[in-house]
Structure formats: C-alpha cells, structure tokens
Amino acid sequence: MIGVQVQAATSAGLSWPVAFTEFEPDSVHRSAAPRVVGRAKSLRMTAPSPKRDSLLLRIASGDADAVGACLDRYGSLVWSVVKRAWNDAATVEDVVQEIFIDVWNSAARFDPEKASEATFIATIARRRVIDRRRRAGRAPVEEPVEEVEMSFEDRGLSGVDMGDEARLAREALEALKPDQRRVILMSVVDGLTHSEIATATGLPLGTVKSHIRRGLEQTAQELRAARERTR
Amino acid sequence: MSAHFASWDERTVDLAVEQFTVGLDHEDAATLDRLADRADLEEFENAFAAIHTGHLTDVEAPPTELLLRLERLGRQQVAGNGAPADSAAGRTATDSTAILAWTGWLAAAAAILMFAFPQTPTGSDPGEGRSALVARAGDLLEINWTATEDPAASGASGDVVWSAAEQRGYMRFRDLAANDPTESQYQLWIFDKTRADWEAKPVDGGVFDVSPGGEVVVAIDPKLDVRDAVLFAVTVEVPGGVVVSGRERLVLTAAL
C-alpha cells in the first residue's frame with residue numbers, strides 16, 4: 001500500500017523542497033578579511049565570550065558565515081585529536097569530516113553554561129574516534145603520549161584555540177604527581193583501558209583506577225569552579 | 001546543581017571511564033545510564049575532553065582542501081537548518097502519504113537542547129545482532145521495505161526490525177544500490193508518533209553505506225529515543241547526512 005501512496009504523492013506534483021538550493025557549490029564565502037586556511041593562526045590564550053561570540057550558537061541559528069570561523073578556530077583541534085588515532089591520511093580526513101558534520105548538526109545542543117566550545121567540540125571528536133575505533137577493532141595508539149612539561153606555545157599549540165578549560169585541565173593535572181598524571185593521560189589521551197595501563201606501568205589495577213578517578217575529579221572540580229566564577 | 005560524580009561507586013566510575021575512553025556496548029551503556037545522572041556524566045565526559053585538549057601534542061592544521069570542503073558542507077547544512085520545518089505548523093495529516101509529502105523533514109535531534117550520548121551499536125556483527133533481537137524482543141516491530149521509483153531502489157527489498165523497549169533495531173536490504181560514500185550516503189528517518197511535530201521532525205536514524213552484492217544488515221543508530229515508530233524512511237543525502245532532508249531522493253519506506 002505504501003508504494004501506491006508514495007507514487008500518488010509524487011505523481012500529484014507535490015513540491016518537495018530542495019534544502020540546499022540556495023547553495024552555490026563553487027562559492028565559498030569569504031569575509032572582507034580573507035580567512036587563512038592550511039596553517040595555524042595566531043595564539044589565542046583565552047576563550048571567547050561564551051554567549052556573545054559563540055560560533056556554535058550562530059551556526060545553530062542558521063548563520064552560515066560562522067562555519068568558516070568555526071573551522072578556523074577548531075579545525076586544528078579536531079584534526080589533531082583524530083590524527084593521534086590514525087596515521088592514514090584518508091581515514092583522518094574522513095573522520096574529521098564526520099566530526100564537523102556532527103558539530104553542525106549538534107550546534108543547537110551547545111550550552112555555554114556547561115562547557116566551552118572547545119570542550120564541546122572535543123567531546124564530539126572523541127566520541128567519533130572512540131566509535132570508529134570500536135567498529136574497526138580497537139588498537140592502542142602506536143606512540144603513547146609522553147609526559148610533557150613544555151608550555152602550550154612550546155608544544156606547537158599556539159595555532160589552536162584551546163580555550164580556558166583546556167588550560168584549567170592542564171593545570172589541574174600539573175598539581176598531581178607525575179605517575180598519576182601519566183596514568184590519566186594514558187587513559188584519556190591514548191584511550192587505554194585500566195588493565196592495559198596496569199600492564200604498561202606495572203601499577204596495581206586499583207592504583208590505576210584511583211589515579212584516573214582523582215585526576216578526573218580534580219579537573220572537573222576546576223572546570224566547575226571556573227564556570228561558577230563566570231556566572 | 002546536580003550531585004556530582006564524587007559519590008559514584010566503583011562500578012559506575014569504571015563504566016564511565018570505559019564509556020569515554022574505549023566505548024561501551026549497549027548493555028553496559030544502559031547500565032551506566034541507570035547508575036549515573038546524565039548531567040554528571042556530561043560533566044565527567046567534559047573533563048575527558050578538556051584534559052585531552054590541554055595535552056594535545058604535534059598540533060597541526062588540516063589540509064586546505066579539506067577545510068574548503070568542510071566549509072562547503074557546513075554551509076549546506078546550516079543553510080538547511082532553519083528552513084522548512086516550521087512552515088508545517090498546524091498540519092494535521094497523520095497517514096504516511098501526508099508525511100511523505102511533508103515540506104521538509106527537520107531531524108528532531110537538531111531541534112532540541114539535549115545531550116545525547118553515543119548509542120551507536122558497536123562491536124558486534126549486525127546480522128547476529130538482528131537475529132538475537134528478533135529472538136528475544138517481546139515488542140518487536142517488523143515491517144517490509146517498499147521501494148520508491150528512485151533508481152537506487154530498483155528491485156530492492158528487505159525489512160526493518162525495531163524494539164522500542166531496547167531502543168535497538170536493524171535494517172536489512174537486498175539489492176539496494178551500493179553507494180559511493182564520498183558522493184552520498186543513505187540516511188534513515190524514524191517517525192515517532194509520541195514526539196511533538198513528529199510528522200515534520202523525524203528522528204535521525206543515522207547514515208549508512210551499502211556495499212555491492214548480497215544482503216546487507218545495518219544497525220539503526222537513532223539520535224534520540226524512539227517510543228512509537230510508525231514510519232521508517234531511507235533517503236540519499238550528502239556524505240555525513242543532513243539535518244533537514246529535502247527528500248530529493250527518497251528510496252525506501254516502511255510504514256505500519
């Protein structure tokens with residue numbers, strides 16, 4: 001029956017809107033000051049004013065001009081998260097594309113009271129990476145993250161808008177002992193399981209778990225306090 | 001402010017850490033949802049993201065070509081976001097003909113402020129998952145696909161099974177045309193009668209690809225809970241799917 005109904009709907013000449021007819025495939029918008037692509041932009045030490053400058057809220061409201069700005073601001077962040085999981089450039093590009101499509105789709109869910117844009121986008125990126133790795137049959141990253149004592153600038157982060165929350169998270173972990181910090185990074189950045197970390201470090205499983213819990217609680221506490229300060 | 005996760009027991013913390021590092025299967029994800037407050041889980045996950053962001057190394061910019069492509073895709077999607085769905089307000093049609101004639105479907109997931117957790121079925125063979133679901137679900141909905149006149153659907157058949165209790169389902173296709181994921185992807189739309197403005201705002205059931213030859217089973221990946229599905233529809237969309245479907249290419253439907 002439904003086939004007949006569908007045919008009836010189409011043959012009746014009902015007009016199905018073309019969602020993207022306003023789009024001209026070859027016209028990529030450029031503002032008065034051309035957007036720079038393909039290289040890192042200037043250092044941005046603090047997050048933009050959450051509500052007034054929220055690119056995601058602009059995107060959610062249908063402001064297509066915010067798309068390029070969002071890519072400028074967070075393209076390197078997403079690319080770097082994904083690139084850590086795969087060496088293959090084609091896969092990295094695919095996953096980055098999926099993530100940004102998800103970001104456009106999810107922009108209306110962004111709530112600056114809960115997280116910064118960088119955190120929101122990194123969350124989407126992490127979910128997608130975790131999901132893809134599960135589908136593909138998960139394998140740990142080849143080069144686990146090393147203990148890094150350099151500043152953001154020294155580590156090449158000067159081209160990325162990390163936002164205040166990343167800095168707070170970093171400071172929260174810096175307050176921990178090096179072995180605690182290492183365990184947390186093996187879990188969060190490298191995506192290793194508790195057991196894998198215990199094997200790699202020789203630490204008891206319970207210690208691994210408590211290190212991770214403490215680090216995450218510490219970080220969340222800092223983030224929460226920062227949000228409450230800005231309210 | 002909700003009670004934060006400092007009060008979680010060890011099992012809850014273990015599940016949450018696993019969820020946000022390597023992912024959980026459906027059963028464990030459902031357990032975690034029961035054990036933990038959603039706002040607490042969000043906060044916990046945000047800590048993962050902030051730590052990760054703060055400890056990135058070897059940061060580099062994406063290739064220019066990719067940025068340009070992403071901007072093009074983003075502009076397409078954003079341009080489609082606010083458009084047609086609201087024009088449907090006040091409409092009372094309830095049968096599938098009317099729904100299929102609707103002036104644009106806006107994915108319900110895009111229209112609400114909700115933090116959806118990843119529920120993508122992972123880690124198991126969809127064919128086996130389907131068989132298991134059919135064997136155990138007491139509320140199973142099973143509907144055959146009906147092909148439209150779209151060339152991709154020529155000779156295509158199959159069915160969709162869905163369990164509202166488990167929030168899980170599978171699509172089975174035979175002879176549905178293979179797609180080139182760089183050109184287009186199939187996208188499922190689920191019409192849930194319990195949702196406000198459900199005829200214009202179906203739930204995005206996820207994008208998927210079809211390889212050449214044989215039978216294909218695809219796990220449904222709804223972005224929101226689907227409580228009372230009355231119509232499933234598959235469209236062809238740009239890679240990654242869309243928020244608003246113009247339904248230029250509706251290929252299959254399955255209606256109660």
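In this predicted model, helix H5(A) meets helix H3(B) through A:Ala118, A:Thr119, A:Ala122, A:Thr123 and A:Arg126 on one side and B:Glu45, B:Asn46, B:Phe48, B:Ala49, B:Ala50, B:His52 and B:Thr53 on the other. By class, five nonpolar, five polar and two charged residues make up this contact. The two helices span residues 117-136 of chain A and residues 38-54 of chain B, and their axes come within 8 Å and cross at roughly 95 degrees. An angle from 65 to 115 degrees counts as roughly perpendicular, so H5(A) is placed roughly perpendicular to H3(B).

It helps to look next at the chain that supplies H5(A). Chain A has nine helices and zero strands, and its pattern along the sequence reads α-α-α-α-α-α-α-α-α. Of its 231 residues, 46% count as buried. Among the contacts in chain A with a separation of 6 or more, 73% are between residues 24 or more positions apart.

Confidence in chain A deserves a careful look before any part of it is interpreted. The average pLDDT of chain A is 71, and 65% of the residues score at least 70. Among the elements of this chain, helix H8 (residues 194-201) has the highest mean pLDDT, 93, whereas helix H1 (residues 2-11) has the lowest, 29. Over residues 1-48 of chain A the pLDDT stays under 50, and the model has 78 contacts beyond four places in sequence for this stretch. Residues 142-161 of chain A likewise stay under a pLDDT of 50, with 40 contacts beyond four places in sequence in the model.

Chain B, the partner that supplies H3(B), has a mixed make-up: seven helices and eleven strands. Buried residues account for 52% of its 256 residues. For chain B, residues 24 or more positions apart provide 66% of the contacts with a separation of 6 or more.

Four of the strands in chain B form an open sheet with antiparallel pairing, in the order S2-S4-S5-S8. The edges are taken by S2 (141-144) and S8 (215-219) of chain B; each has a single partner strand, so one side of each is left without a neighbour in the sheet. On average, and with direction ignored, neighbouring strands of this sheet are turned by 15 degrees against each other. Within the sheet, strand S4 (residues 157-163) and strand S5 (residues 168-174) of chain B pair in the antiparallel sense over seven bridges. In this part of the chain, B:Gly158 has B:Phe173 in S5(B) as its bridge partner.

A further set of pairings in chain B involves strand S11 (residues 250-255). Six of the six residues of S11(B) are buried, so this strand is largely enclosed by the rest of the structure. Strand S9 (residues 229-237) of chain B runs antiparallel to S11(B), and five bridges join the two. Strand S3 (residues 146-147) of chain B also pairs with S11(B) in the antiparallel sense, over two bridges. B:Leu252 in S11(B) appears in both pairings: B:Val234 stands opposite B:Leu252, and B:Ala147 has B:Leu252 as its bridge partner.

Technical notes: Residues numbered from 1 in each chain as written. Chains lettered and ligands numbered in written order. Predicted model: local features only at pLDDT ≥ 70, side-chain atom pairs only at ≥ 80, totals over all residues. Buried ≥ 20, exposed ≤ 12 C-beta atoms within 10 Å, placed from the backbone. Contact = placed C-beta atoms within 7 Å. Pairing = 2+ DSSP bridges. Axes fitted to C-alpha atoms, helices over the stretch in contact; angles between N-to-C directions. Parallel < 35°, antiparallel > 145°, perpendicular 65-115°, else oblique. Nonpolar A, V, L, I, M, F, W, Y, C, P; charged D, E, K, R; others polar. pLDDT = per-residue confidence, 0-100.
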